[in-house]
Amino acid sequence: MADLDPGFDATAHLQALEAQGYTVIPDFLTPDRLRQVREGLAPHLSSHAGRNNFEGLQTERVYTLVGRGRVFEDIAEDPRVMALLDALLQPGYLLTASQAICIYPGETAQPVHHDDVFYPLARPRASVSLSTIVAVDAFTADNGCTEVIPGSHRWSDAEVAGAYDGHDADAPPPPAMAARLVPLLMPAGACVVFHGTLLHRGGANRSSGARLAFSNQYCQPWARTQENFYLGIPPNLVRGMSPRLQTLLGYDILPPFMGHVTASHPTKALREDYRNAVATHPRAD
Ligand SMILES: O=C(O)CCC(=O)C(=O)O
């Protein structure tokens with residue numbers, strides 16, 4: 001993992017996260033990194049669309065992004081994001097989702113939601129996850145930029161009622177809730193980091209160009225992840241990843257013994273000579 005830039009003011013970002021539920025790192029990706037991201041994504045785009053109003057019928061998502069190239073591996077363990085997560089999540093936190101989101105012209109606004117809605121824990125509460133969204137195209141007022149409700153990370157269950165809860169992706173948000181959304185206008189390369197409890201949505205794309213972004217999301221080490229990376233990323237790929245990234249993907253023990261593989265450390269299962277202990281089962285071939 002690269003070293004933490006000494007100019008990065010983690011304290012100021014943590015204060016913003018505490019106060020408003022989100023913070024923006026404006027210079028997150030260099031122009032060269034942005035170029036690598038575009039090149040890495042190009043082969044996976046222009047082939048499909050979302051399946052419902054949440055994924056976006058005029059939106060293209062590329063899941064399991066972290067497994068699709070070295071540049072995405074590096075970004076998933078960016079030291080600035082890690083510094084913020086180290087302060088907000090327990091050691092051993094996990095990558096829970098990693099996807100590109102390309103919102104095409106004509107897309108309507110996504111349902112207002114918060115990203116850790118599927119953990120059945122009463123609000124207000126601490127977030128179980130934190131999300132990042134990186135603008136690959138600049139986020140403008142009309143191209144589908146992310147919209148957030150500042151301070152909503154503190155809202156109670158009653159206050160978030162009417163937001164998307166995983167059931168009806170076509171239901172509009174309560175007008176009073178929608179009125180509080182503010183657009184995140186960000187230059188290409190900027191990254192917003194926000195609490196999993198913060199209400200937000202992808203905006204409508206009323207422009208003539210696509211809005212490309214990607215999102216890595218991280219959760220507490222005891223929470224179930226959205227993406228099943230054990231099956232989604234072949235073990236021979238994970239074997240070549242950094243120890244830090246392997247931990248983010250769940251190849252580590254949460255003390256005292258969560259995550260063991262037949263009583264062994266999970267990285268042993270990544271070794272080329274690993275022999276699965278139940279491989280003698282007649283149905284294992
Ligand atoms: O694309 C965006 O700006 C937001 C997407 C989002 O919040 C989601 O898909 O969960």
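This is a dialogue between a visitor and a guide about a predicted model.

Visitor: How should the numbers and values be read?

Guide: Residues are numbered from 1 along each chain as its sequence is written, and side-chain values use heavy atoms, with hydrogens and water left out. In this predicted model, local features need pLDDT of at least 70 and side-chain atom pairs count only at pLDDT 80 or more, while totals for chains, interfaces and linings use all residues.

Visitor: What makes strand β9 (residues 211-219) largely enclosed by the rest of the structure?

Guide: A strand is a DSSP run of E with at least two residues, a helix is a run of H or I with at least four, and both are numbered from the N terminus. A residue is buried under 20% relative accessible area, exposed over 50% and partly exposed in between, with a 1.4 Å probe and protein chains only. Nine of the nine residues of β9 are buried, so the strand is largely enclosed.

Visitor: Which residues point one way from β9, and which the other way?

Guide: R211, A213, S215, Q217 and C219 point one way, and L212, F214, N216 and Y218 the other; all are buried. In a regular strand the side chains alternate between the two faces of the sheet.

Visitor: How do you know that β3 (residues 94-103) and β9 pair?

Guide: Two strands pair if DSSP finds at least two bridges between them. Nine bridges join β3 to β9, and these strands run antiparallel; L94 stands opposite C219. Strand β4 (residues 129-135) also meets the definition, with seven bridges to β9 in the antiparallel sense, and V134 has F214 as its bridge partner.

Visitor: Why is the approach of R211 to the ligand called a polar contact?

Guide: A polar contact is a pair of N or O atoms within 3.5 Å; within protein, one must be able to donate a hydrogen and the other to accept it, and residues adjacent in sequence count only if both atoms are side-chain atoms. A polar side-chain atom of R211 lies 2.7 Å from an oxygen atom of the ligand, so the definition is met. For R61 the distance from a polar side-chain atom to a ligand oxygen is 2.9 Å, and for H113 it is also 2.9 Å.

Visitor: Why is N236 called exposed?

Guide: N236 lies in helix α8 (residues 235-239). Its relative accessibility is 53%, and therefore N236 counts as exposed. N236 and L270 are 34 residues apart in sequence and 7.1 Å apart in space, C-alpha to C-alpha.
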